[in-house]
Amino acid sequence: AQCRVGTLAPPEPRKVAFARPGLVTVFCDISPNETGTVCVTPNHASARPDSTGAFRLPKLPPGKYTLCVWSPLNGKHTQAVEVPRHGNLSLTLGL
């Protein structure tokens, strides 16, 4: 999806509500080379990696989940994971 919020004078904010999860590309009308990407998630279970690439999701109930990872360089990858009843889950993604 794409999003254009129009021309804004700094520091004028513009709020945009997204109707569904997914990646949204944001364009700048003043500087065409400036773009950004917003990753809209369907729930609170999301995280951004630190400078080493590590991330920590919020606590989740035990069960089976699909982990979805996206980066501008490597695209989207999914992996099935099972959160145990006790202890932590640690995994390494082969991206």
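What share of the contacts in the protein with a separation of 6 or more comes from residues 24 or more positions apart? In this predicted model, such residues account for 11% of those contacts.

The secondary structure is made of strands. The protein has 5 strands and 0 helices. Read from the N terminus, the order of elements is β-β-β-β-β. The radius of gyration is 17 Å, well over the 12 Å that the globule rule gives for 95 residues, so the protein is more spread out than a compact globule. Along the principal axes, the C-alpha atoms fill a box of roughly 50 × 25 × 25 Å.

Burial and surface were computed next. Of the 95 residues, 8% count as buried. The accessible surface comes to about 8200 Å². Carbon and sulfur atoms hold 52% of that surface. Charged side chains number 10 positive and 5 negative. The centres of these two sets lie 11 Å apart.

The C-terminal strand pair can be described in detail. Strand β4 spans residues 63-71, and β5 spans 75-83. The two strands pair in the antiparallel sense, over 9 bridges. A hairpin of 3 residues joins β4 to β5. One of the bridges links Gly63 to Val83 in β5.

Lys76 belongs to strand β5. Its relative accessible area is 59%, over the 50% cut-off, and Lys76 is therefore exposed. Which residues does Lys76 touch, leaving aside those up to four places away in sequence? The contacts are with Cys68, Val69 and Trp70. These three residues fall within the 63-71 range of β4. Lys76 thus combines an exposed state with contacts to the partner strand of β5.

Arg85 sits in the segment after β5. Is Arg85 buried or exposed? Its relative accessibility is 71%, so Arg85 counts as exposed. Along the chain, Arg85 and Pro62 are 23 residues apart. In space, their C-alpha atoms are separated by 5.1 Å. The Gly63–Val83 bridge and the Arg85–Pro62 pair both involve the β4 and β5 region: Gly63 is the residue at which β4 begins, and Arg85 follows the end of β5.

Technical notes
Residues numbered from 1 in each chain as written. Predicted model: local features only at pLDDT ≥ 70, side-chain atom pairs only at ≥ 80, totals over all residues. Heavy atoms only, no water. Helix = DSSP H or I, 4+ residues; strand = E, 2+ residues; numbered from the N terminus. Rg over C-alpha atoms; globule rule 2.2 N^0.38 Å. Buried < 20%, exposed > 50% of the residue type's maximum accessible area, 1.4 Å probe, protein only. Contact = heavy atoms within 4.5 Å. Areas by Shrake-Rupley, 256 points an atom, 1.4 Å probe, with all protein chains shown as cover. Lys, Arg positive; Asp, Glu negative; His and termini not counted. Charge placed at Lys NZ, Arg CZ, Asp CG, Glu CD. Pairing = 2+ DSSP bridges.
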